[in-house]
Amino acid sequence: MLQIRNILLGLLYINCAAAIQVQITPPQGQISVGDSKFFLCEVVGDAKDIDWYTPSGEKILPNNPNIHVNRNDETSSALIIYHADVDDAGIYMCVARNGDKEAQATVQVKIFQKITFKNVPSPQEFNEGDDADIVCDVIGSPPPFILWKHKGAIIKAEKDVRFRHMENGHLQIRGIKKADEGTYICEARVMQTGELSFKMIEVVINVLPTIRARQSEVNATADISSPALLACDADGFPEPIITWTYNNVVLQSGDKYSLNEDGSELLIRDVVKVDEGDYTCIARNKAGEKSLEVSLNVFVQAKITYLSNQTASEFDDEVTLTCEASGDPTPSISWSFENRMFTEGEQSHDRNIVVRSHARVSSLLLKNVQFTYAGQYLCTASNSIGQDNQHVYLEVRYAPKILGSVTTYTWEGNPANISCVVEAHPGASVTWFRDGLQLPTTNTTNMKIYNTPSVSYLEVSPESQSDFGSYNCTANNVMGTEYKEFLLIQAEVPSSPEIQQVEPFSSSAVVEFDEPDSFGGVPLIKYRLVWRKQWHQDWTTMEYSATEDMTRITIAGLKPETTYEIKMSAINGKGEGESSPTSTFKTKPVREPSAPKLEAMIQNQGNSLKVNWIKQDDGGSPIKHYLVRYKAKHVSDWKPEIRVPHGSEYVVLSGLDWNTEYEVRVVAENQQGKSEPGVIAFRTATEPTTMPGASGGGSGLSTGAIVGILMVVFFLLLVGVDVTCFFLNKCGLLMCIAVNFCGKAGPGTKGKDIEEGKAAFTKDESKEPIVEVRTEEDQTKTQEGVGAPEPNETTPLTEPEPAAATDATNAITNSVVAHNSPAAESGESQPDVGPLVDLSDAPTAPPLASEPGSAPSEAPASPPSQDSQVDAHHHPPSTESSTTIPAQNDGKTKEDVNMKEDVKTEANNATAEVKTVPNEAPQINGNESKA
């Protein structure tokens, strides 16, 4: 076997050595589209021709532009493929020939194309609800596989039937939604080469506009220069553009119409009736358009167009008042007269009045005309837009009607008016008669007649019983005559009232009584009450004005534990009636006062309160003072107690918290103790946002500006006064500057000033004393107490006030000012008790000589609260009080000036008493100095 193999190898070698051999390098080729590559065909042996053939078997000629054959030498030939295309792929063959000898070799050329995206638009827009075809055209060789991704996940058609991968590589989405919007990835893959490429595609979903009207119907009123606003809102993607049309005409902004920036609001100016109709709102975008109609209803306010006054005579069969009106909706018409409203049809309360209405006309029919029908009738036309009112006057001519009371009461010597009230149209003339004689007669001087358009007065001054009786009033006009008899009756004094009971207290009593059974024909004027201590002779009398339904009277000034007798009578214009039977009562022992009765009133500031109290029974002992406490209801702590004098009638609480409920208690105290508190609650006003009175025609200046202007004016005034004093009197601030800085000699430095009795001034580093010159004669008069002391530089021009005034000044310092009130309910004089004020913080004043009978001041009152200001007021003491306060001598000004001139004249010859008053500034004018 080994020998056979060697023989075969030897024969093969001999054959190969004799044949041509062809080899192509490289043996195979792979080319990307667009690339170039060559292949070398090498021949072993002698070859006359070396040719290349295309995959289709055609010989490659030298003039082929893309595929070129180049023979290098006798043994090789090159195949060059320029800019390879997919069509160039295939098996190329190289053939070598030499005579009848031929050899060939082949090479397989593979053309690969890179992934190329030919048509991949982005963004791609679709309308919501359409079947979207997302385009992604990809080419490659080998053909690539297309994969779609969205939101990071691969889209799998088997999981969502809406998605479908098309054969051309597109992605189809059935019924695409707005939620499908976003970025899609078209990814191409070549499995053979592992090549991968992708494109991102933005998918935009356009949404057809949705439109809605803010009001499907808009109501407007015509002829009142008011606009109408029509509005519609549209949604969609992209943002839709809104336009308006009316009667198929596009509306533009102008004099009549106005559109806002996005066109959603259409404003129609000066609406009239012809503007009524349907307006179309159109919204457009890429997805399409939608439209909606908005109705404008134009209404016309009711207006009365016809109304005419009418005239009739009393007892006519009928008269008709007619009222016509226009408007849209059709107005309803109603009638009214005075306080009566008339409904449609026959009136139930008066069948002589009938209302008939039809469309826009209404008539008011009045049957059997009466004089009371005369007057102004009101026609009211109204619809849903508004109403119109107009008056129509019905004139009724009728004979006189005499009204009024037929009886008049008076007494001899007291003039009385008999009133004859006449109603007539036309106006009537009135005549008075008595016993058939027209008044006044020539023999009567005690009767007078006064006439007004509607009343005739007969004034009678009875002189005797014969003047009482019947008087005739006769009225006459063109429609007829009417008369009436009036009676003048003699009045009597009232009967006696009846005392039902007396409710006693310590120093007062309440008398309850019944009015007299008879007033005597004339009103009561007053009641007279008299009382006395039992078994005493002297009666105390008090009169009280009578008021309607008066059944209680309080008497005061009684003594505790004392038995009294009391009776009362009534008084009218005729005189005093009989007294009631005497009633007896006994007052209660001395005790603490009754609780004051409180009344509160919010002040203009809103957070201030004025609390008034009415003094009740003082318990038989004079009221020493009142104690006032208050607090906000939501807190537990009371404000510091305020003590005010006995004569105080109210207290003002200021600086309270806004919109807060407060409780106030007032206690009266006498020597026996304190009363039960009078309690009142109130709420302060809400804090205003602006200062009261700041609006409504103000100047517009702020408080700071006004204060600044006043300060500037005041400063300029001071400068003007100072300059005037410098040039006229050689004094003032400028004079001080001139003396201290300019070395100018000041006034009063001359020696003759001392000789003339003027003040001499010595300049010192610490003070400038004032030297007062007083004559011996003046000193003698002052020591002897003859007349008032002569005024000088240190003598005040008014007399010092008593201690009570000093106490009042200290009370003002502590924000409590007391006002004494007269003892309205007490018949006896109140003891003079000084005002109770707090002197703890006030400077101690030297004691002044008080008038005889004056009482010392009470203990100091507790200081008021720091968070509010309290102002307690009292009135000057009544004439019944036993204490008098000396008035200031304000009338001595002229006398004092004359006395000063005398001092100047005698100063040179008299022996001078010198008094030095330190730290007082000189004033040359008048030779007086003021601190």
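Two strands are said to pair if DSSP finds at least two bridges between them. In this predicted model, strand 10 and strand 15 (residues 171-173) meet that condition, for 3 bridges join them and they run antiparallel.

## Two open sheets

Strand 10 belongs to an open sheet of 3 strands in the order 10-15-14, with antiparallel pairing. Strand 10 (132-134) and strand 14 (163-165) stand at the edges, and because each has a single partner strand, one side of each is left without a neighbour in the sheet. From one strand to the next, the twist in this sheet averages 20°. Looking at single residues, one finds Ala-132 opposite Ile-173 in strand 15.

Another open sheet is formed by 4 strands in the order 1-3-6-5, and its pairing is antiparallel. Here the edges are held by strand 1 (21-25) and strand 5 (67-71), each of which has a single partner strand, so that one side of each has no neighbour in the sheet. The average twist in this sheet is 20° from one strand to the next. Strand 1 pairs with strand 3 (residues 37-44) in the antiparallel sense over 5 bridges, and Gln-21 stands opposite Val-44 in strand 3.

## Aromatic rings

Which kinds of contact do the aromatic side chains make? A search of the whole structure finds 10 aromatic pairs. In one of them, the ring centres of Trp-613 and Tyr-626 are 5.1 Å apart and the planes are at 40°, so the pair counts as tilted. Because Trp-613 lies in strand 51 (residues 609-614) and Tyr-626 in strand 52 (residues 625-632), this pair ties together parts that are 13 residues apart in sequence. Trp-613 counts as buried at 5% relative accessibility, and Tyr-626 is buried too, with a relative accessible area of 2%.

The rings of Phe-726 and Phe-727 also have their centres 5.1 Å apart, but their planes are at 80°, so this pair is edge-to-face. Phe-726 is buried, with a relative accessible area of 15%, whereas Phe-727 is exposed, with a relative accessible area of 55%.

Tyr-630, Tyr-662 and Phe-682 form one aromatic cluster. Charged side chains also take up places over rings: Lys-610 lies over the face of Tyr-650, at 4.1 Å from the ring centre, and Lys-631 lies over the face of Trp-638, at 5.2 Å from the ring centre.

## Salt bridges

The structure holds 28 salt bridges, including those in the table.

| Residues | N to O distance |
|---|---|
| Asp-233 and Arg-214 | 3.2 Å |
| Arg-284 and Glu-289 | 2.6 Å |
| Lys-633 and Glu-661 | 3.5 Å |

The bridge between Asp-233 and Arg-214 links distant parts of the chain, 19 residues apart, with Asp-233 in strand 19 (residues 228-237) and Arg-214 in the loop between strand 17 (195-213) and strand 18 (217-221). Asp-233 counts as partly exposed at 24% relative accessibility, and Arg-214 is partly exposed with a relative accessible area of 45%.

Arg-284 is partly exposed, with a relative accessible area of 38%, as is Glu-289, with 44%.

Lys-633 lies in the loop between strand 52 and strand 53 (642-645) and Glu-661 in strand 55 (residues 661-670), so their pair ties together parts that are 28 residues apart in sequence. Lys-633 is partly exposed, with a relative accessible area of 39%, and Glu-661 is partly exposed, with 31%. Elsewhere, Asp-51, Lys-59, Arg-97 and Glu-102 are joined into one network by salt bridges that share partners.

Technical notes:
Residues numbered from 1 in each chain as written. Predicted model: local features only at pLDDT ≥ 70, side-chain atom pairs only at ≥ 80, totals over all residues. Heavy atoms only, no water. Axes fitted to C-alpha atoms, helices over the stretch in contact; angles between N-to-C directions. Phe/Tyr/Trp six-rings, centres within 6.5 Å; stacked < 30°, edge-to-face > 60°. Buried < 20%, exposed > 50% of the residue type's maximum accessible area, 1.4 Å probe, protein only. Lys NZ or Arg CZ within 6 Å of the ring centre and 35° of its normal. Salt bridge = Lys/Arg side-chain N within 4 Å of Asp/Glu carboxyl O.
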